[in-house]
Amino acid sequence: MENKDIRILITDDEAEIRNILRILLSKKGYSIKEASCGAEAVEAVMNGGIDLVLMDIMMPHMSGIEATAKIREFSTVPILFLTAKSLDSDKQSAYAQGGDDYLTKPFSSFELMLKVESLLRRYMVYRGKEDASIVSLADSVEADLKSKTVKKNGEPVSLRDKESEIFFYLLSNRGQTVDTVQLYEAVWQEKAMSSSANNVMVNILNLRKKLETDPSDPKLIKTVWGRGYRLE
């Protein structure tokens, strides 16, 4: 597919930023669509034809984080956050709601294009496949990103709310170790306390009972001692 056939949605409430990004991406031959707020971005993706979303976080009415959460209800289109917000908590929120990558302003055009091309390359591999939203995991487990459901050996697995939220948060950080405090605060949306680690542990144990062939020797959800958990 040629670049002119690839449509990138630039979402930012600052017209100057959108203009700069449009010029950079147009020089590479990409087709550009613009949105000035999160709601416009959601509508544009819903209308179809978008291959990549560049998303600001701080926007009026609907933030980039909120827009991403809504987009993830119906689309797996890659979303690259371009934002001045650089705290780890900001990045955590962005990834937790379905962001695929994160670039902090100011950034170089070279770094931007590397991330754009990388995300598009991965997306084009899966786009058009009927089960693009299905992720195959270890131990015969499958996760559906659209419906937020899980199957084991082809059979649906019933997960409680917190179990599901923990599972899909770990999935959004697949291959990375997520510490217990980060996991608790992302799922429970409150400050971690001394008892928080136990709440996480109980739900992890329940997940293993439901998803692992041998919960005592987990292949899917690994414990990284002294650090946290990792989804394989």
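## Setting the scale

A residue is called buried when its relative accessible area is under 20%, exposed when that area is over 50%, and partly exposed in between. Glu34, at 35% relative accessibility, therefore counts as partly exposed. Please keep in mind that this is a predicted model.

## The parallel sheet

Let's start with the sheet. Five strands make up an open sheet with parallel pairing, in the order 2-1-3-4-5. Strand 2 (31–35) and strand 5 are the edge strands; each has a single partner strand, so one side of each lacks a neighbour in the sheet. On average, neighbouring strands of this sheet are turned by 20° against each other, direction ignored.

Strand 1 (residues 7–11) runs parallel to strand 2 and is joined to it by five bridges. Ile8 has Ile32 in strand 2 as its bridge partner.

## Strand 4 and its neighbours

How well covered is strand 4 (residues 79–83)? Five of its five residues are buried. Ile79, Phe81 and Thr83 lie on one side, with Leu80 and Leu82 on the other, so to speak of either face is to speak of buried residues.

Strand 3 (residues 52–55) is parallel to strand 4, and three bridges connect the two. Leu54 has Leu80 in strand 4 as its bridge partner. Between these two strands the chain passes through helix 3 (residues 64–71), in a right-handed β-α-β crossover. Strand 4 also pairs with strand 5 (residues 101–104), in the parallel sense and over four bridges. Here, Thr83 stands opposite Thr104 of strand 5.

## Salt bridges

The model has 10 salt bridges. One of them pairs Arg18 with Glu34, with 3.0 Å between the closest N and O atoms. Arg18 belongs to helix 1 (residues 15–27) and Glu34 to strand 2, so this pair ties together parts 16 residues apart in sequence. Arg18 counts as buried because its relative accessibility is 14%.

Asp101 and Lys115 form another salt bridge, with their closest N and O atoms 3.2 Å apart. It ties strand 5, where Asp101 lies, to helix 5 (residues 109–126), which holds Lys115. Asp101 is buried, with a relative accessible area of 14%.

Asp139 forms a salt bridge with Lys152, at 3.5 Å between the closest N and O atoms. Asp139 sits in the loop between strand 6 (134–137) and strand 7 (141–144), while Lys152 is in strand 8 (residues 149–152). Elsewhere, Asp12, Asp56 and Lys105 are joined into one network by salt bridges that share partners.

## A nonpolar patch

Finally, Met201, Val202 and Leu205 make a nonpolar surface patch of about 230 Å². Met201 lies in helix 8 (residues 196–211) and is partly exposed, with a relative accessible area of 38%.

Note on methods
Residues numbered from 1 in each chain as written. Predicted model: local features only at pLDDT ≥ 70, side-chain atom pairs only at ≥ 80, totals over all residues. Heavy atoms only, no water. Patch = residues over 30% accessible without salt bridge, like charges linked within 9 Å, V, L, I, M, F, W, Y side chains within 5 Å. Areas by Shrake-Rupley, 256 points an atom, 1.4 Å probe, with all protein chains shown as cover. Salt bridge = Lys/Arg side-chain N within 4 Å of Asp/Glu carboxyl O. Buried < 20%, exposed > 50% of the residue type's maximum accessible area, 1.4 Å probe, protein only. Pairing = 2+ DSSP bridges. Right-handed = clockwise from strand over helix to strand, strands pointing away. Axes fitted to C-alpha atoms, helices over the stretch in contact; angles between N-to-C directions.
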